[in-house]
Amino acid sequence: MERQRLARREDLRVERFEDGTIVFDPKSAAVHHLDGPATIVWDRLAPSATLEELLDIISGELGAPRDVVSQELEQVLETLLDRELVVSHESPP
Amino acid sequence: MTDTWYRALAHRFTVGTEDAELHEALVAVFSDLQVGPPSVGVHEERIDITPSPEGWVATSDGSPLFRTRADDDVISRLVVHLNRQITRTAAGTHVVLHAAVIARGRNAVLLPAPPGAGKSTLTAHAVRSGWALGGDEHGALDLQTSRLRPVPKPLTLKAGSAANFRTEHNPPNGSERFFTRHLHLTAQDLGGRALDHDVEPRAIVFPTYAPGAALDVRELGPARALVHLRAETFNFHDDAERSFDTLVRLVRSVPALTMRYSDAESALIALSRYAS
């Protein structure tokens, strides 16, 4: 995942609520609820970012050590990739 | 015997049988759905239920529908079939939730819940307490207006849940044998009335019956409510984008709550504030 650029799928519908973000996938008709941490990651995937860039941004914003952020970030990204809400491309060298 | 016509949401049907007692039972059970004869060119499902030496044989427009040996299975099997038909014919006009709808005037409370949550029993108590019956199985939200269209099928209660209501059940003479395992109660059986007009949803309440539990009502965030509602839809895929839009409008405009209860009366008092 380190070398990949990650981006939100462009055809998804997003609705914001006070208790999280809802992402609607019109292809599968699935409705996904992103909680607080997932919403933080989701918001920083526009237009796209690598894992390293996300780590820099989120650990900087939260004032948290990179190794603490890293574990949760990877879990959130795995979920977003599994649900096909995020797509990845090889990052140019 | 003359045909009687019925309509539930967009589904029109008639049920014919040679058995006089079953005929009387069906007319009583579906009384809230009765409509006039169809116009020329309107398709109406014709269901025939015929007694035979092996039990009952049901057909839909001449094709096999079900067979059963048990008298007390006939109406339940028919209701299950109609539930599917109601949902199928809602495509393009309504997103249909597995939910009860109870109302006062034009204000309704939507009660979505999976089977076993006590939804029908709570609805029966509500109708007995003066709420109008909008349905105990289908919460049909109009895709354009977000209003709820009533589907006042009879309330189906299992024998265990039905104990409180058996005295109100007044089957036509000779038809008791069709109601031994399940009661199918109309609003009128419960001393109430069925809704005959669209209503505005004022609250979404996800009920859970828990024996002995104190009443516990909690707010549910709109995002979580939306996910729960999506899980309780029957026909979301028929028009997914418009169904999604309708559910979004709903959770943005009315409160969503979870309600754990054991005492129906207390639960209904809690719900009253949303329909006043």
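Is Ser146(B) buried or exposed? Select Ser146(B) and check: at 11% relative accessibility, this serine counts as buried. Keep in mind while you click around that this is a predicted model.

**Stop 1: around Ser146(B)**

Stay on Ser146(B) and look at the backbone. Its phi is positive, about 65°, although the residue is not a glycine. That's worth a pause, because most residues other than glycine have a negative phi. To get your bearings, color β10 (138–142) and β11 (148–149) of chain B: Ser146(B) sits in the loop between them.

**Stop 2: Leu9(B)**

Now jump back along chain B to Leu9(B). Where is it? In the loop between β1 (5–8) and β2 (11–17) of chain B. Here, too, phi is positive in a residue other than glycine, with a value near 55°. Turn on the surface and you'll find Leu9(B) buried, with a relative accessible area of 10%. The cut-off for calling a residue buried is under 20% relative accessible area, so both Leu9(B) and Ser146(B) qualify.

**Stop 3: the cis bond in chain A**

Switch to chain A and select Ala46(A) and Pro47(A). Which way does the peptide bond between them go, cis or trans? It is cis, with omega near 0°. For context, most peptide bonds are trans. Pro47(A) lies in the loop that links α1 (36–43) to β5 (49–50) of chain A, so those two elements make handy landmarks, by the numbering of DSSP runs from the N terminus.

**Stop 4: all of chain A**

Zoom out and show chain A as a cartoon. You should be able to pick out three helices and six strands. Trace the chain from the N terminus and the elements come in the order β-β-β-β-α-β-α-α-β. The radius of gyration of chain A is 13 Å, close to the 12 Å from the globule rule for 93 residues, so the chain is as compact as a globular protein of that length. Line up the principal axes and the C-alpha trace spans about 35 × 35 × 20 Å.

Next, bring up contacts in chain A. Among those between residues at least 6 apart in sequence, 55% join residues at least 24 apart.

**Stop 5: surface and charge of chain A**

Put a surface on chain A. Its accessible area comes to about 5,100 Å², with 49% belonging to carbon and sulfur atoms. Of the 93 residues, 41% count as buried. Finally, color by charge: chain A carries 10 positive and 20 negative side chains. How far apart are the centres of the two sets? They lie 5 Å apart.

Methods
Residues numbered from 1 in each chain as written. Chains lettered and ligands numbered in written order. Predicted model: local features only at pLDDT ≥ 70, side-chain atom pairs only at ≥ 80, totals over all residues. Heavy atoms only, no water. Helix = DSSP H or I, 4+ residues; strand = E, 2+ residues; numbered from the N terminus. Rg over C-alpha atoms; globule rule 2.2 N^0.38 Å. Buried < 20%, exposed > 50% of the residue type's maximum accessible area, 1.4 Å probe, protein only. Contact = heavy atoms within 4.5 Å. Areas by Shrake-Rupley, 256 points an atom, 1.4 Å probe, with all protein chains shown as cover. Lys, Arg positive; Asp, Glu negative; His and termini not counted. Charge placed at Lys NZ, Arg CZ, Asp CG, Glu CD.
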